[in-house]
Amino acid sequence: MENMSIVTMFTLSGLNETVDHRVTLFSLTLMSYCVILLVNVTLILTIILDKELHEPMYILLCNLCFNTLYGSAGFYPKFLFDLLSKEHTISYAGCMLQAFVIYSYGCCELSTLALMSYDRYVAICRPLQYHTIMTKKRLFQLMCLFWFSPLLCMTVVMWLSSRIKLCGSHIDKLYCDNWSIAKLACNSITINNIVGYIVMLFFVGHGVFIVWSYFCVIRSSLKSVENRGKFMQTCVPHLLSSVVSCHSVYQKAIINYS
């Protein structure tokens with residue numbers, strides 16, 4: 001029988017091989033984090049202060065920037081601290097919080113991109129009904145829903161993880177994630193796996209919806225020059241960000257569950 005004890009601290013790995021380059025890595029990471037903060041804060045303030053940008057497309061972009069700040073705060077500060085520290089540890093509560101933030105960030109990213117794709121679908125495929133469908137009130141309701149559902153899902157997932165009896169405290173990663181915590185379990189994690197895969201399928205559905213929306217948008221754009229112009233002006237940046245974000249989120253999901 002494995003040795004079960006109350007875990008109060010986790011040890012992280014992956015930085016021991018970077019001892020000779022920590023200052024360089026710290027500088028580059030800090031620079032990257034500063035760029036993320038500067039770009040996203042600038043975009044948020046620009047959209048908030050310019051009333052002409054108070055349109056669904058830009059409000060959703062602002063929402064995406066807020067989520068980026070939220071997600072980066074869950075990783076970069078701790079990583080920067082570890083680069084300058086000899087011991088790479090994190091408290092049990094801190095580990096759970098970091099896992100929650102990173103996972104909910106990824107899910108909120110997909111939710112926001114799905115909402116952005118729906119906005120572009122209505123704008124190009126149903127232009128006469130756009131202002132009736134995408135009112136400020138409905139947009140606010142959709143944004144609340146698309147933030148609430150990921151946070152609720154991750155709250156349930158992390159609550160189940162907090163009930164796991166642990167037989168170890170070493171996480172073989174630079175940061176905490178739910179699957180790494182679950183692998184340290186002494187008891188059965190069948191329920192955790194079932195709920196985890198249900199949540200994953202739910203957000204895979206978001207990705208399918210994004211693909212379907214842009215497929216309809218592209219098909220509609222090919223039918224007229226006007227729609228083609230709208231697509232090039234507003235949808236191409238959305239489409240590129242969706243591809244990059246979806247690839248990043250799903251790649252992390254595959255790595256975490258492998």
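Which residue in β2 is the bridge partner of Phe-10? Hold that thought while we zoom in on this predicted model, one view at a time.

**View 1. Strands β1 and β2 sit side by side and run antiparallel.** The answer to the opening question is Ile-90, the β2 partner of Phe-10. Next along β1 comes Thr-11, and its bridge partner in β2 is Thr-89. Three bridges join β1 to β2 (residues 89-91). If you're new to sheets, it helps to know that strands pair through backbone hydrogen bonds, either parallel or antiparallel.

**View 2. Three strands make an open sheet in the order β2-β1-β3.** On this side of β1 we meet β3 (residues 170-171), which is joined to β1 by two bridges and runs parallel to it. Thr-11 shows up again here, with His-170 as its bridge partner in β3. Put the parallel and antiparallel pairs together and you get mixed pairing. β2 and β3 are the edge strands, each pairing on one side only.

**View 3. Side chains along β1 take turns facing one way and then the other.** Phe-10 and Leu-12 point to one face and are buried. Met-9 and Thr-11 point to the other face and are not buried.

**View 4. Helix α4 lies across all three strands, β1, β2 and β3.** Have a look at the crossing with β2: α4 runs at about 90 degrees to that strand.

**View 5. The largest nonpolar core holds 28 residues.** Phe-10, Cys-95, Met-154, Leu-166 and Ile-171 touch the most other members. Who chips in? β1 (9-12), α4 (92-125), α6 (136-162), α7 (178-182) and α8 (190-221) each supply at least two residues. The top contributor is α4, with eight. A second, separate core has 20 residues, including Leu-115, Ala-123, Ile-133 and Met-143. As a general rule, nonpolar side chains in soluble globular proteins tend to be buried together.

**View 6. Ile-171 is in contact with residues from well beyond its own stretch of sequence.** Skipping neighbours within four places in sequence, Ile-171 is in contact with Phe-10, Thr-11, Leu-12 and Ser-13. Its other contacts include Cys-95, Cys-176, Ser-180, Ile-181 and Leu-184.

**View 7. Helix α2 covers residues 56-73.** From first C-alpha to last, its 18 residues reach 26 Å, close to the 26 Å expected at 1.5 Å a residue. Many α2 residues are buried, among them Pro-56, Leu-60, Leu-64, Asn-67 and Gly-71. In an α-helix there are 3.6 residues a turn, so residues three or four places apart point the same way.

Key
Residues numbered from 1 in each chain as written. Predicted model: local features only at pLDDT ≥ 70, side-chain atom pairs only at ≥ 80, totals over all residues. Heavy atoms only, no water. Core = buried A, V, L, I, M, F, W, Y, C linked by side-chain atoms within 4.5 Å. Buried < 20%, exposed > 50% of the residue type's maximum accessible area, 1.4 Å probe, protein only. Helix = DSSP H or I, 4+ residues; strand = E, 2+ residues; numbered from the N terminus. Contact = heavy atoms within 4.5 Å. Expected span 1.5 Å × (residues − 1). Pairing = 2+ DSSP bridges. Axes fitted to C-alpha atoms, helices over the stretch in contact; angles between N-to-C directions.
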